[in-house]
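Thank you all for coming. I would like to take a few minutes to walk through a structure that some of you will be seeing today without any background, so please have the display in view while I talk.

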Amino acid sequence: MNETLLDVRGVTLQYKTTQSVVTATHRVSFSVHSGDRFVLLGPSGCGKSSLLKAVGGYLPTTEGDIMLNGHRVTGPGPDRMMVFQEFDQLLPWKTVIQNVVFPLLATGRLSRKEATEKARHYINMVGLTRAVDAYPHTLSGGMKQRVAIARGMAMEPKILLMDEPFAALDALTRRTMQDELLRLWDDTRFTVLFVTHSINEAIRIGTRILLLSPHPGQVRAEMNSTDDPARIGELETQIHDLLFA
Ligand code: ADP
Ligand code: MG
């Protein structure tokens, strides 16, 4: 427990087109330890999604390195699964269980029977036992996000990457989903790198919070979150002041 799992060192990310260069992040460094719920928090456009894409291996670094378990990230892999904000991240022509089984089979490590058993286990964990054979278009937004979480967790990645997964949900469902994620984490202690622009969500979800300044994203502060209801207000104010100073 507690060894460094993900090490992001001085990472600058740029998008280059023929006309221009957009710098998304400037020399961002942070370390995620096994079992962390590590949150990247910052305003829209500060490069949170870009950082997650880089960790996922979809976006090369312009400067700096991303190390996972001591190995440089050079491309995507099943050890890093993503959950996105969008409700359309499931394959619409596959049922819930087929959506979860599909990447498990793609690894070539499991038989269909083993993959199906594992998929069922994780679908049960996210509370969708009765929806295993449903198609995505028949599900609510919250249910679709549960499937995406089950699919990510079923792969048992080294780290689960979540890019504002609850941001498109109504406030009540969002709150429920946050509680459910924490309950899942209590059960299995996976490592999660979670992106949000909500201070409140960062405090609820995170054990560690990295604050990023506006475009281009740079590290403004890193802090521990709190479970203590008496301290939440104080921490919210502190973060707000750091972000908008
Ligand atoms: P966040 O997720 O924090 O809102 P992003 O990582 O999406 O921020 O974007 C960071 C910056 O990079 C923004 O200025 C955005 O416009 C720019 N950007 C993101 N994706 C691209 C892209 N594919 N091409 C060019 N610029 C991009
Ligand atoms: Mg984003």
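I will begin with the sheet, go on to the helix and the hairpin, and finish with the ligand. Please keep in mind throughout that what we have here is a predicted model, and that every value I quote is computed from it.

Let us start with the open sheet, which is built from six strands in the order 6-7-8-3-9-10, with a pairing that is mixed. Which strands stand at the edges? These are strand 6, residues 80–83, and strand 10, residues 219–224, and because each has a single partner strand, one side of each is left without a neighbour in the sheet. As you go from one strand to the next, the twist averages 20 degrees.

Within this sheet, I would draw your attention to strand 3, residues 37–41, and strand 9, residues 208–212, which pair in the parallel sense over four bridges. If you would like one pair to look for, valine 39 has isoleucine 209 of strand 9 as its bridge partner.

Helix 1 packs on the sheet, where it touches strand 3, strand 6, strand 7, strand 8 and strand 9, and the direction of the helix makes about 150 degrees with that of strand 7.

Turning now to the beginning of the chain, strand 1, residues 4–16, runs antiparallel to strand 2, and nine bridges join the two. The connection between them is a hairpin of four residues, and across this pair leucine 13 stands opposite threonine 25 in strand 2.

That brings me to ligand 1, and to the question of which elements supply at least two residues each to the shell around it. They are strand 2, residues 21–33, and helix 1, residues 48–56, and of these helix 1 gives the most to the shell, with three residues. Taken by type, the residues of the shell divide into five nonpolar, six polar and one charged.

As for individual polar atoms, a backbone N or O atom of glycine 45 lies 2.6 Å from an oxygen atom of the ligand, while a polar side-chain atom of serine 49 lies 2.9 Å from an oxygen atom of the ligand. On tyrosine 15, an N or O atom of the side chain is 3.5 Å from a nitrogen atom of ligand 1. Taken alone, ligand 1 exposes 560 Å², and the protein buries 64% of that.

How values were computed. Residues are numbered from 1 along each chain as its sequence is written. Chains are lettered from A and ligands numbered from 1 in the order in which they are written. This is a predicted model: local features need pLDDT of at least 70, side-chain atom pairs count only at pLDDT 80 or more; totals for chains, interfaces and linings use all residues. Side-chain values use heavy atoms; hydrogens and water are left out. A polar contact is a pair of N or O atoms within 3.5 Å; within protein, one must be able to donate a hydrogen and the other to accept it, and residues adjacent in sequence count only if both atoms are side-chain atoms. Accessible areas come from the Shrake-Rupley method with a 1.4 Å probe; for residues, only the protein chains shown count as cover. Ala, Val, Leu, Ile, Met, Phe, Trp, Tyr, Cys and Pro count as nonpolar, Asp, Glu, Lys and Arg as charged, and the others, Gly among them, as polar. Two strands pair if DSSP finds at least two bridges between them. Axes are lines fitted to C-alpha atoms, for helices over the stretch in contact, and angles run from 0 to 180 degrees between N-to-C directions. Contact means heavy atoms within 4.5 Å.
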